Amino acid sequence: MNKWQQEAILRTKGPLLVTAGPGSGKTHVITYRVLNLLEYEGVSPQHIYVITFTKDAAQSMSARFYAISRNFLSEASYQVQQVFFGTYHSLFFQTHVCIFPTDGQQLWIFHTKQHYHLLSC
């Protein structure tokens, strides 16, 4: 692990954008940063969103995270299932749903894991 990767893993405040070429260790950095946030910084897993551009990348990253986390997290099975891995589209879909009732009125449902908010448009 190089100096820049280590710095990214240990950064604990705010969001982090990781950009680099193929095979440079992006998944490694993101995986270990999430582990660091969960195990040492006490960040709630519901507050961690790992967003990629493709579904394949999200699935690959989450699989690697789940495999590695078993060795590091004391409550691995509970915590790892609550970390979000997905694409921009899947994040939007999970937080914004538009439905069209039969009366023609459009309703937006904004939801989080605990609350649903109905807005009439």
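1. Let's start with helix H1, residues 3-10, of this predicted model. Gln5, Ala8 and Ile9 are the buried residues in H1. Looking down the helix axis, the buried residues of H1 fall within an arc of 100°, so they line one face of the helix. This fits the general geometry: an α-helix has 3.6 residues a turn, so residues three or four places apart point the same way. Part of the cover over the buried residues of H1 comes from helix H2, residues 26-39.

2. What does the other side of H1 carry? On the face turned away from the buried side you will find the exposed residues Lys3, Trp4 and Leu10. Two of these also deserve a look as a pair: Lys3 lies over the face of Trp4, at 4.6 Å from the ring centre. Trp4 has a polar neighbour as well, since at the start of H1 its backbone nitrogen has a side-chain oxygen of Asn2 within 2.9 Å.

3. Now for the chain as a whole. There are 5 helices and 5 strands, and along the sequence they follow the pattern α-α-β-α-α-β-α-β-β-β. The chain has 121 residues, of which 28% are buried. About 8500 Å² is exposed, and carbon and sulfur atoms supply 58% of that area. If you take the contacts between residues at least 6 apart in sequence, 44% of them join residues at least 24 apart.

4. How many aromatic pairs does a search of the whole structure find? The search gives 5. One of them is Tyr49 with Phe84: the ring centres are 5.5 Å apart and the planes stand at 45°, so this pair is tilted. Tyr49 belongs to strand E1 (residues 49-52) and Phe84 to strand E2, and the pair links distant parts of the chain, 35 residues apart. As for cover, Tyr49 is partly exposed at 45% relative accessibility, whereas Phe84 is buried because its relative accessible area is 9%, and the limit for buried is under 20%.

5. Phe65 and Phe85 make another aromatic pair, also tilted, with 5.3 Å from centre to centre and 45° between the planes. Phe65 sits in helix H3 (residues 55-69) and Phe85 in strand E2, so the pair ties together parts that are 20 residues apart in sequence. Are these two residues buried or exposed? Both Phe65 and Phe85 are buried.

6. Tyr66 joins Phe65 and Phe85 in one aromatic cluster. Like its neighbour Phe65, Tyr66 is placed in helix H3. Tyr66 is partly exposed, with a relative accessible area of 28%. If you are checking distances, the C-alpha atoms of Tyr66 and Gln81 are 8.3 Å apart in space, while the two residues are 15 apart in sequence.

7. Finally, have a look at Thr87, which lies in strand E2, residues 84-87. Why does Thr87 count as buried? Thr87 counts as buried because its relative accessible area is 12%, and buried means under 20%. Leaving aside residues up to four places away in sequence, Thr87 touches Ile51, Thr52, Phe53, Thr54, Lys55 and Ala58. Among these, Ile51 and Thr52 fall within strand E1, while Lys55 and Ala58 fall within helix H3.

Technical notes:
Residues are numbered from 1 along each chain as its sequence is written. This is a predicted model: local features need pLDDT of at least 70, side-chain atom pairs count only at pLDDT 80 or more; totals for chains, interfaces and linings use all residues. Side-chain values use heavy atoms; hydrogens and water are left out. Helices (H or I, at least four residues) and strands (E, at least two) are DSSP runs, numbered from the N terminus. Buried means under 20% relative accessible area, exposed over 50%, partly exposed in between (1.4 Å probe, protein chains only). Contact means heavy atoms within 4.5 Å. Rings of Phe, Tyr and Trp (its six-membered ring) pair if their centres lie within 6.5 Å; planes under 30 degrees apart count as stacked, over 60 as edge-to-face and the rest as tilted. A charge sits over a ring if NZ of Lys or CZ of Arg is within 6 Å of the ring centre and within 35 degrees of the ring normal. Accessible areas come from the Shrake-Rupley method with a 1.4 Å probe; for residues, only the protein chains shown count as cover. The arc is that of the directions from the helix axis to the C-beta atoms. A polar contact is a pair of N or O atoms within 3.5 Å; within protein, one must be able to donate a hydrogen and the other to accept it, and residues adjacent in sequence count only if both atoms are side-chain atoms.
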